[in-house]
Amino acid sequence: MEELSKILAWFDASEELDVEAALKKVKQAADLIRASKKRLAEVENEFKEIKKEIEE
Amino acid sequence: MTKQKNGQTLFEEKPLTVSEYIELLNTALARDEVRLVGEAAEIKSYPSGHVYFSLKDEKANAVMNCVIWKGNYARCGVTIEVGMRLVLTGIPSLYAPTGRFSFVASMVELQGEGALKKAYDELKKKLEGEGLFATERKRALPELPHRIGVVTSREGAVIHDFINNLGHFGFEVSMVDSRVEGQQAVTPLLQAIRTLKKKNIEALVVIRGGGSFESLQAFNNEMLVRELVNFPVPVIAGIGHDKDVPLAALVADYMVSTPTAAAHLLNESWESAYAKIHQVPHLLARIKREFEKIQTDFKMAEDSMFTHIEGGIESLWQTLHNAEQVIALNNPVRQLRLGYAIVRKEGKIARSLNDFAIDERASIEVSDGTLLARVEEKSEYKNHGNERN
């Protein structure tokens with residue numbers, strides 16, 4: 001998430017459009033988002049199981 | 001040897017031997033115990049432990065040979081000295097080998113409160129010196145005592161007071177009757193205590209009603225005091241007294257003032273246990289309430305924790321979603337596909353008409369490649385600010 005925040009900040013701060021750099025950053029961000037979604041889904045499932053166990 | 005007929009004593013014809021006659025006399029003399037008072041003189045203590053002495057009645061110019069055997073002498077707790085006023089309990093007897101007439105004392109008592117007080121003070125000092133009154137050597141009653149030994153007189157109100165005040169806790173009372181009055185009570189008291197020493201009891205209670213200093217003398221007897229000191233289970237003494245506390249009470253593990261107080265002392269741990277039992281339902285209810293409160297608190301904490309985590313997860317999903325949108329908006333490929341193009345002049349991105357002069361060359365990047373172009377005309381937007389916005 002920290003890396004992703006840096007990329008978003010980079011886009012926000014860019015005044016000159018560097019297409020090559022922007023493409024590279026987009027690719028990096030897409031990878032990070034995919035990995036983060038996967039990990040977050042795992043964490044969410046884990047949490048749901050724990051919650052179910054406790055509530056039972 | 002003799003016959004009785006119509007109240008008259010008849011002598012047989014056959015004469016008695018001296019020994020037969022002495023035996024006859026001794027049997028007759030031994031029928032009734034006598035108490036004699038007089039002043040001690042001519043004392044002879046033998047290695048055997050027996051003590052021979054005279055008891056004089058100065059006023060009447062009369063004297064009696066006396067003896068006290070070792071065991072009885074040790075029991076009476078008096079050291080006979082010349083000039084002492086003594087009260088002897090015993091029987092007269094003729095000693096066959098010598099024909100000597102003696103008074104065989106089974107008990108020796110001091111006469112006069114002064115002498116008694118002096119003996120009391122001396123013994124008290126001696127026992128105190130041995131640490132027998134020390135609080136450290138006092139033993140605690142067992143919790144919930146059950147089998148109780150009691151030494152007291154069957155006569156009188158004392159035993160009734162004790163029994164009536166003993167709670168209904170299933171006590172098993174072994175009572176041994178004993179004389180408790182005066183110095184003569186020493187022997188029966190010792191016998192009673194020794195009887196109970198052999199029994200399986202958890203506490204010994206020695207009780208009697210109040211009385212004068214003289215009437216309580218048995219409880220100042222050294223042998224009796226030491227018997228209580230060495231008694232295997234805790235001793236409760238409820239021996240009434242006025243000023244001088246009986247030494248038996250001072251060495252006892254518990255000293256109470258009345259038989260009723262002795263009974264109450266034995267009741268204490270039972271009453272306490274019963275009170276605790278009665279508190280159990282209240283305690284259980286309290287524990288239940290505490291438990292329910294903990295459960296509620298735990299549920300609230302659990303809910304709060306779940307809400308917090310769920311919120312955090314949701315927030316992370318939202319952050320990722322936003323990041324996706326931002327990245328998509330900033331993706332140059334998407335922009336170019338939408339029809340936007342990037343215009344450069346000499347490699348630098350151009351943003352304004354002013355970046356170019358007529359006939360200057362520009363490179364235009366579109367979604368699938370780059371065009372090279374020349375500026376033929378410049379046309380500025382009217383209402384420039386509004387158009388751009």
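1. Glu271(B) lies in helix α8 of chain B; helices here are DSSP runs of H or I with at least four residues, strands are runs of E with at least two, and both are numbered from the N terminus. The model is a predicted one, in which local features need pLDDT of at least 70 and side-chain atom pairs count only at pLDDT 80 or more, while totals for chains, interfaces and linings use all residues. Residues are numbered from 1 along each chain as its sequence is written, and chains are lettered from A and ligands numbered from 1 in the order in which they are written.

2. Is Glu271(B) buried or exposed? Glu271(B) is exposed, because 12 other C-beta atoms lie within 10 Å. The cut-offs are 20 or more such atoms for buried, 12 or fewer for exposed, and partly exposed in between, with C-beta atoms placed from the backbone. The C-alpha atom of Glu271(B) is separated by 9.1 Å from that of Leu144(B), although the two residues are 127 apart along the chain.

3. The two chains may be described in turn. Chain A has 2 helices and 0 strands, and 9% of its 56 residues count as buried. Chain B comes to 10 helices and 16 strands, and 22% of its 389 residues count as buried. Among contacts in chain B between residues at least 6 apart in sequence, 62% join residues at least 24 apart; a contact requires C-beta atoms, placed from the backbone, to lie within 7 Å.

4. Which elements of chain A supply the side that touches chain B? In the interface, 20 residues of chain A are in contact with 18 residues of chain B. On the chain A side, α1 (2-13) and α2 (19-55) each supply at least two residues. The largest share, 15 residues, comes from α2(A). By class, this side of chain A has 15 nonpolar, 1 polar and 4 charged residues. The classes are nonpolar for Ala, Val, Leu, Ile, Met, Phe, Trp, Tyr, Cys and Pro, charged for Asp, Glu, Lys and Arg, and polar for the others, Gly among them.

5. Helix α8 (residues 259-330) of chain B also takes part in a helix pair. Its axis and that of α4 (residues 158-165) of chain B come within 8 Å and cross at roughly 25°. The two helices are therefore roughly parallel; angles under 35 degrees count as roughly parallel, over 145 as roughly antiparallel, 65 to 115 as roughly perpendicular and the rest as oblique. Axes are lines fitted to C-alpha atoms, for helices over the stretch in contact, and angles run from 0 to 180 degrees between N-to-C directions. Val158(B), Asp161(B), Phe162(B) and Asn165(B) in α4(B) meet residues of α8(B) including Pro259(B) and His264(B). The residues of this contact divide into 5 nonpolar, 3 polar and 1 charged.

6. A second helix pair joins α5 (residues 186-197) and α6 (residues 222-229) of chain B, packed at an angle of about 15° with their axes 10 Å apart. That makes α5(B) roughly parallel to α6(B). Val186(B), Leu189(B), Leu190(B) and Ile193(B) in α5(B) meet Met223(B), Leu224(B), Glu227(B) and Leu228(B) in α6(B). By class, the contact has 7 nonpolar, no polar and 1 charged residues.

7. Chain B contains a closed barrel of 5 strands, running β3-β4-β5-β7-β6 with mixed pairing; two strands pair if DSSP finds at least two bridges between them. The twist averages 55° from one strand to the next. Strands β4 (residues 51-57) and β5 (residues 62-68) of chain B run antiparallel and are joined by 7 bridges, with Ser54(B) opposite Asn65(B) in β5(B). Strands β3 (residues 34-45) and β6 (residues 85-95) of chain B pair in the antiparallel sense over 6 bridges, and Val34(B) stands opposite Gly90(B).

8. Within the barrel, β6(B) is also joined to β7 (residues 100-110) of chain B by 10 bridges in antiparallel fashion. Leu110(B) in β7(B) is the bridge partner of Leu86(B). The two strands form a hairpin with 4 residues between them, and Gly99(B) in the turn has a positive phi of about 75°.

9. An open sheet of 4 strands in chain B has the order β14-β13-β15-β16, with antiparallel pairing. Strands β14 (348-349) and β16 (369-374) of chain B stand at the edges, each with a single partner strand, so one side of each is left without a neighbour in the sheet. Strands β13 (residues 342-345) and β15 (residues 361-366) of chain B pair over 3 bridges, and Val343(B) stands opposite Ile364(B) in β15(B).

Key
Contact = placed C-beta atoms within 7 Å.
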